[in-house]
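Please look through the following structure with attention to its sheet and to the packing of its nonpolar residues.

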Amino acid sequence: MKEHKAGFVNIIGNPNVGKSTLMNAFVGEKLSIITSKAQTTRHRILGIVNGDDFQVILSDTPGIIKPAYELQSSMMDFVKTAFEDADILIYMVEIGERALKDEAFFNKLKNTKIPVLLLLNKIDASEQEKLEEQVQYWQEQLPTAEIHPISALMNFNVKEVFLRIIELLPASHPYYPKDQLTDKPERFFVNETIREKILQFYKKEVPYAVEIDTEEFFEDEEIIRMRAVIMVERDSQKGIIIGHKGSALKRVGVEARKDLEKFFDKQVHLELYVKVNKNWRSNANQLKRFGYNKG
């Protein structure tokens with residue numbers, strides 16, 4: 001019998017470089033929400049891929065930014081922990097990018113003893129000459145990293161990178177049961193699915209002022225009944241979320257329900273409400289309640 005391998009593979013990078021797309025491609029399930037907006041991922045989300053002789057525990061993290069308020073500071077704390085428990089680090093960049101938006105993180109990456117796979121993403125949108133120039137640039141910036149050009153969206157070179165990850169994993173017993181897909185509870189994915197629709201359908205500041213709280217989740221044989229509250233920071237945002245005669249909120253509910261029925265493979269009844277929770281992004285107690293500040 002082959003020895004069993006297991007380990008934590010943590011994905012870091014600037015906002016919007018394709019980290020969530022990559023993790024979902026590895027896992028084969030939609031665990032991380034994906035939109036064209038920066039800062040879509042707020043939490044650190046684990047996706048677990050099991051084989052007979054391996055367990056890869058992937059970790060999608062928020063894009064690295066310089067925090068402007070308490071919520072963003074908490075998001076960056078999730079990134080810091082990714083350095084602490086990684087067996088392998090995936091540093092994801094896209095063509096034309098030059099460095100992490102936080103210099104301290106980049107220096108940490110340069111000096112780490114952890115194996116680093118630098119994935120140069122979105123190569124499907126690049127010329128060969130530009131790609132070669134980028135590979136050379138990153139070889140100079142991070143000489144100890146292995147560089148792999150990929151397209152997470154088109155699934156190009158993703159399987160090859162995954163096989164390399166398995167090669168690099170340490171010998172270990174599994175950390176999680178072999179039938180487990182993630183460390184997050186079902187309500188977390190309800191919250192994230194609703195938040196994804198808000199990121200897609202609303203503009204400017206509104207999506208970033210929103211947090212979701214699934215207050216009820218009852219599962220019968222035939223149907224799952226859910227009741228979720230959309231928190232906003234101001235009365236004006238509440239009006240925007242609801243829309244004229246409730247039309248905007250209805251659209252969020254309809255589209256979220258479609259995705260949730262696919263995710264749970266069951267009929268879903270979803271009720272949505274909107275509440276004002278003033279300045280929750282800067283309130284340590286509220287952030288703790290929503291799973292951000294752990295201290």
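Which residue stands opposite Ile90 in strand 4? The partner is Ile11. The model in which this pair is found is predicted, and the pair is a useful place to enter it.

The protein has 295 residues, of which 54% are buried. Its secondary structure consists of nine helices and nine strands. Among contacts with a separation of 6 or more, 72% link residues 24 or more positions apart. The exposed area is about 14,400 Å², and carbon and sulfur atoms supply 49% of that area.

Six of the strands form an open sheet with mixed pairing, in the order 2-3-1-4-5-6. Averaged over neighbouring strands and with direction ignored, the turn of one against the next is 25 degrees. Strand 2 and strand 6 (146-149) each have a single partner strand and stand at the edges, so one side of each lacks a neighbour in the sheet. In general, the strands of a sheet pair through backbone hydrogen bonds, in either the parallel or the antiparallel sense.

Both senses can be followed here. Strand 2 is antiparallel to strand 3, with seven bridges between them; in this part of the sheet Asn50 faces Gln55 of strand 3. Strand 1 and strand 4 run parallel and are joined by five bridges. On its other pairing, strand 4 runs parallel to strand 5 through six bridges, with Met92 opposite Leu119 in strand 5. Strand 4 is mostly covered, six of its seven residues being buried.

Ile90 also leads into the packing. Apart from neighbours within four places in sequence, Ile90 is in contact with Val9, Asn10, Ile11, Ile12, Leu22, Phe26, Leu117, Leu119 and Ile165. In soluble globular proteins, nonpolar side chains tend to be buried together. The largest nonpolar core here holds 27 residues, and those with the most contacts inside it are Leu22, Phe26, Val56, Ile90 and Ile165. Two or more residues of this core come from each of strand 1 (5-13), helix 1 (19-27), strand 2 (45-51), strand 3 (54-60), strand 4 (88-94), strand 5 (116-121), helix 5 (158-168) and helix 6 (186-201). Helix 5 gives the largest share, five residues.

What lies apart from this core? A second, separate core has 24 residues, including Ile194, Ile230, Ala248 and Leu270.

Conventions. Residues numbered from 1 in each chain as written. Predicted model: local features only at pLDDT ≥ 70, side-chain atom pairs only at ≥ 80, totals over all residues. Heavy atoms only, no water. Core = buried A, V, L, I, M, F, W, Y, C linked by side-chain atoms within 4.5 Å. Buried < 20%, exposed > 50% of the residue type's maximum accessible area, 1.4 Å probe, protein only. Helix = DSSP H or I, 4+ residues; strand = E, 2+ residues; numbered from the N terminus. Contact = heavy atoms within 4.5 Å. Pairing = 2+ DSSP bridges. Axes fitted to C-alpha atoms, helices over the stretch in contact; angles between N-to-C directions. Areas by Shrake-Rupley, 256 points an atom, 1.4 Å probe, with all protein chains shown as cover.
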